[in-house]
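Please look over the sequence and the structure shown here. The report that follows describes some of its residues and a pocket.

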Amino acid sequence: MKRGRGFDRTQRIADLMQKTLAQMLITDMSDERFHLVTITGLSLARDLSTAKVYVSVLMDDPQKIKEVIISLNQAAKPLRYNLAHMIKLRIMPELKFVYDESTARGFHISGLIDSAMKKQK
């Protein structure tokens with residue numbers, strides 16, 4: 001049975017967590033590499049015990065991107081703690097940051113298309 005809001009509670013919580021985490025990365029974190037991070041999605045376990053936070057990073061170097069993801073996962077506990085103060089939930093999910101390659105792949109494909117179009121002219 002669907003309720004009036006059109007999407008389920010889990011998705012609403014995920015959207016709120018994504019928005020709040022994005023704001024926290026910009027305003028609360030001292031590591032400036034986190035300012036280059038974009039949260040592209042957040043998926044919650046059905047029981048709200050864990051959350052996968054999908055991020056893209058505005059860097060080209062895969063080693064530096066890997067370091068940022070490791071740093072984000074090291075900062076996951078303080079972020080979770082602060083998130084619990086901003087969002088009132090009975091259970092605050094554990095955060096796991098995962099690199100989302102879709103944006104980088106999209107730029108790569110776009111570059112290939114652009115170079116193919118230039119060759120045709």
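Which residues form a nonpolar patch on the surface? The patch is made of Ile-109, Ile-113 and Met-117, which together have about 280 Å² of accessible area. In such a patch, each residue has over 30% relative accessible area and no salt bridge, and nonpolar side chains (Val, Leu, Ile, Met, Phe, Trp, Tyr) are joined within 5 Å. A salt bridge here is a side-chain nitrogen of Lys or Arg within 4 Å of a carboxyl oxygen of Asp or Glu. Areas come from the Shrake-Rupley method with a 1.4 Å probe.

The model is predicted: local features need pLDDT of at least 70, side-chain atom pairs count only at pLDDT 80 or more, and totals for chains, interfaces and linings use all residues. Residues are numbered from 1 along each chain as its sequence is written, and side-chain values use heavy atoms, without hydrogens and water.

Four residues are listed below by exposure. Buried means under 20% relative accessible area, exposed over 50%, and partly exposed in between (1.4 Å probe, protein chains only). Helices (H or I, at least four residues) and strands (E, at least two) are DSSP runs, numbered from the N terminus.

| Residue | Element | Relative accessible area |
|---|---|---|
| Ile-109 | helix α4 (residues 102-120) | 45%, partly exposed |
| Val-53 | strand β2 (residues 50-57) | 0%, buried |
| Thr-10 | helix α1 (residues 9-27) | 16%, buried |
| Leu-79 | helix α3 (residues 76-86) | 0%, buried |

Next come contacts, meaning heavy atoms within 4.5 Å. Setting aside residues up to four places away in sequence, Val-53 touches eight residues that can be named: Leu-21, Ile-39, Gly-41, Leu-42, Leu-95, Lys-96, Phe-97 and Val-98. With the same kind of exclusion, Leu-79 touches Leu-21, Met-24, Leu-25, Met-29, Leu-95 and Phe-97. Leu-79 and Met-24 are 55 residues apart in sequence, and their C-alpha atoms are 7.9 Å apart in space. Thr-10 is in contact with Leu-44, Ala-45, Arg-46 and Leu-48, leaving aside neighbours within four places in sequence.

The largest pocket has a volume of about 340 Å³. Of its 14 lining residues, Val-57, Met-59, Ile-65, Tyr-99 and Ala-104 are the closest to its centre. A pocket is an open set of points on a 1 Å grid where a 1.4 Å probe fits, with protein on both sides within 12 Å along at least five of seven lines; lining residues have an atom within 4 Å of a point. The elements β2, α2 (62-74) and α4 each give two or more residues to the lining, and α4 gives the largest share, four residues.

Notes. Patch = residues over 30% accessible without salt bridge, like charges linked within 9 Å, V, L, I, M, F, W, Y side chains within 5 Å. Points joined across faces, edges and corners; volume = space filled by probe spheres on them.
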